[in-house]
Amino acid sequence: MNVAKQLYQLQEVDLELESNEQAISQIASQLGESQAVVRAHTKLTLEQQRLEELERQQRSAEWEIDDLMVKLAAAEDKLYSGSIRNPKELTNLQHEVDGLKARRDQLEDKALEIMSQVELTEASVASMSSELKRLEAKWHRQQQQLSSDMEQLKVIVSDLKHKQQLLSAQIDPGEIKFYQELKKRKGTAVAKVEQGICFGCRISLSTTALQQVRSGNLVRCSNCGRILFLA
């Protein structure tokens, strides 16, 4: 086997190896915490805190109403008991009862408004909880698939590295070094030749260059400088 063909085979392995290593790096960047899950969890926590505050306000309003009802009942009992005969005192007591009733109505309206907000927020919390569970389930499935894909790629990379070592062992170290330096500068070190054209730069080769390539000599393209390999 001529050196150009050996180097071309090595290049094919190198390119496949690089591609799979890049895929592993990309998967690694996707493993771990999901920003979508974090955002959904944060929104849910804030909404739960809002619900807790509304429920606290609702309990406070209910307690205030209960306390007011006790005071109103006592005032009404006193007003209608007949024990008070002084007109001015009766008028004052009536004003007190009316004031307590007005305050009761205000508190009941407030309690109803808070209750409505509680119901809406409970529905919002339920919806956000459901969405968070959906996102977490999706994230877990993706993580499992990514982990599986990574393990498969690691096996492929291991096989390619072994193949790379076997091919490198068959080529002169000096030529390997030259190949690696050329690859570093050009991206690809070996260019295929088809129909008299260098596929590294798409330039037609001279008859002399083609003859040298056919003879098995290590020939570089006069235009792009890559090693020429005749398939």
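Hi everyone, let's begin with helix α3, residues 87-169. At 1.5 Å a residue, its 83 residues should span 123 Å, and the C-alpha atoms at its two ends sit 119 Å apart, so the expectation and the model agree. Do keep in mind that this is a predicted model.

What caps the N-terminal end of α3? That job goes to Asn86, where a side-chain oxygen lies 2.9 Å from the backbone nitrogen of Lys88.

Now let's move along to helix α4, which covers residues 173-186 and is where you'll find Glu181. Is Glu181 buried, exposed or partly exposed? Its relative accessible area is 39%, and because partly exposed covers the range between under 20% for buried and over 50% for exposed, Glu181 counts as partly exposed. If you want a sense of distance, take Glu181 and Gln144: they are 37 residues apart in sequence, and their C-alpha atoms are 40 Å apart in space.

On to the strands, please. Which strand pairs with β1, residues 190-194, in the parallel sense? It's β4, residues 227-230, and the pairing runs over four bridges. If you're looking for a spot to orient yourself, find Lys192, which stands opposite Phe229 in β4.

Strand β1 also has a partner in β2, residues 197-198; here the strands run antiparallel, joined by two bridges. Glu194 has Ile197 of β2 as its bridge partner. Between β1 and β2, the hairpin has two residues, and in this hairpin Gln195 takes a positive phi near 55°.

That's my tour, thanks for listening!

Key. Residues are numbered from 1 along each chain as its sequence is written. This is a predicted model: local features need pLDDT of at least 70, side-chain atom pairs count only at pLDDT 80 or more; totals for chains, interfaces and linings use all residues. Side-chain values use heavy atoms; hydrogens and water are left out. The expected span of a helix is 1.5 Å times one less than its number of residues. A polar contact is a pair of N or O atoms within 3.5 Å; within protein, one must be able to donate a hydrogen and the other to accept it, and residues adjacent in sequence count only if both atoms are side-chain atoms. Buried means under 20% relative accessible area, exposed over 50%, partly exposed in between (1.4 Å probe, protein chains only). Two strands pair if DSSP finds at least two bridges between them.
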